[in-house]
Amino acid sequence: MTNTEAQPASGLSKRLSRLAAPLLIAVAIQSVANLLFHAVVGRTLSPSDYGALGAVLAAMTLVAVPLTALQTSAARTSAAGGLTRGTAWQAINRTFLYSLPVVVLLLVLAMPIRQFLDLTTTFQAAILAPTLVTATVIAVTRGLLLGAGRSGVVAASFLLATAVRLGPGLVMAHYWGVTGALIATLAGELAGLALVMWVALGAPTGNLTKLTGGDVGKTGAVVAGLFAFSTVDLFLARHYLGGAESGYYVAAATIGKTVLALPAAALSVAYPKLVAAWPTGERLSALRSALMVVGLPALAGVAFVAVLPGLVLTVLYGSGTYSPAESLTRVLAIVAGMSAFVSVFAHAALARSSRWALFPWLAAVIEVALIAWRHDDMMQVAQGSVAALVIALVGLGAHEWYTWRTAP
């Protein structure tokens, strides 16, 4: 690589780092707090109950994932047309209305979900419905603010949600167990939503800019594929293993998924730069910068957990409680960290409007098939995730690197 190639990449990396700084700080605090929440609750609940909690918390994220594409699309909308009160109101109102049919469906399916995840009460499954409404509205509102350069407000909303979850939330978890922990999680998100809506709806009047359904749908399909690829193993572990082993898997997976928090925040800033760079001669520098800004925090987290998995488990859950998950924690942390690079390549494909951005769906299908085939213990479930990671990283990564390097 020549010096002229290195300089643009270095400059882009610095600019991306500055833009991502507020979110990175907030998400870092939120990630530590999330681990603290799991540490306190994990010491209170039995491994079996903790496995149930982890499965529902993952499902609470799952129902919102296709709609988190709204954040990316909303950011592009406000960045191009500005943030006005009319733009914010229309986007929030439409998001709320469009989510209602899915909310009804989740309430209808509460009983089957309870049975599939082996939950104690139907309420623990039904809480997915209000979670969906909250997640959809907060996603579009945060996106509008990010596009308008209000990353500080978005960061503050993460911190507020975290404070509520760790404050009164832990009290509810202590007295009401799994149900209290789930209510605490929802309450924190509602607090963050109140903050971002107050700021967005306080924007000045001006021209109305609309979200485009095509961009939302395309981005949603990609985001959902990435989530399925990185999280389906947790649901299958709960389904096939059950009991204490599912709790061990959730504990290890929670630590592994936390490795992805900072890279995800950096990627939310890097993606618009990939979109802008694709038609220009700086495309390869932009891809390198995205890989660097997203990959470095991922690798740092992987290195710490992989070297000291026993220490991490002991600090979080107590000595000996989850010791059978030590080797599993190392494996899942490495898988999670390397998945950050898959996310960058998928967003690189999305930036050039290529169907290759849907490649993680193929990897997820293969992962489901492998785990359905071999799931006698938690390490066999993890092996399915490792195989899917290799397929996604080699297949998608090689194709995107070649494309971005050789495009005219």
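This passage walks through a few features of a predicted model: a salt bridge, a nearby loop residue in the chain, a surface patch and the internal cavities.

A good place to begin is with charged side chains. The structure holds one salt bridge. Its partners are Glu-400 and Arg-352, whose closest N and O atoms lie 2.6 Å apart. The two residues are 48 residues apart and link distant parts of the chain. Glu-400 belongs to helix 17, which covers residues 378-406, whereas Arg-352 sits in the loop between helix 15 (326-351) and helix 16 (359-373). How accessible are the two partners, buried or exposed? Glu-400 has a relative accessible area of 0% and is buried. Arg-352 has a relative accessibility of 18%, and it counts as buried because the cut-off for that label is under 20%.

The loop between helix 15 and helix 16 is also home to Ser-353. What is notable about the backbone of this serine is its phi angle. Phi of Ser-353 is near 55°, a positive value in a residue that is not glycine. As background, most residues other than glycine have a negative phi.

Attention now turns to the surface. Which residues make the nonpolar surface patch? Phe-304, Val-307, Leu-308, Leu-311 and Val-315 build it together, with an area of about 470 Å². Helix 13 (283-307) and helix 14 (309-317) are the elements that each give two or more residues to this patch. One of the patch members, Val-307, is placed in helix 13. Val-307 has a relative accessible area of 61%, so it is exposed, the cut-off for that label being over 50%.

The last stop is inside the protein. How many cavities of 30 Å³ or more are there? The count comes to two, and the largest cavity holds about 70 Å³ of space. The elements that give two or more residues to the lining of the largest cavity are helix 10 (213-240), helix 15 and helix 17. The lining itself consists of Phe-229, Ser-230, Asp-233, Lys-257, Leu-332, Val-335, Ser-339, Glu-367, Ser-385, Ala-388 and Leu-389. By residue type, this lining divides into five nonpolar, three polar and three charged residues. Among the nonpolar ones are Phe-229 and Leu-332, while Asp-233, Lys-257 and Glu-367 are charged. Helix 17 thus appears in two parts of this account: Glu-400 of the salt bridge lies in helix 17, and helix 17 also gives residues to the lining of the largest cavity.

Terms used: Residues numbered from 1 in each chain as written. Predicted model: local features only at pLDDT ≥ 70, side-chain atom pairs only at ≥ 80, totals over all residues. Heavy atoms only, no water. Salt bridge = Lys/Arg side-chain N within 4 Å of Asp/Glu carboxyl O. Helix = DSSP H or I, 4+ residues; strand = E, 2+ residues; numbered from the N terminus. Buried < 20%, exposed > 50% of the residue type's maximum accessible area, 1.4 Å probe, protein only. Patch = residues over 30% accessible without salt bridge, like charges linked within 9 Å, V, L, I, M, F, W, Y side chains within 5 Å. Areas by Shrake-Rupley, 256 points an atom, 1.4 Å probe, with all protein chains shown as cover. 1 Å grid on protein atoms, 1.4 Å probe; cavity = no way out; pocket = protein on both sides within 12 Å on 5 of 7 lines; lining within 4 Å. Points joined across faces, edges and corners; volume = space filled by probe spheres on them.
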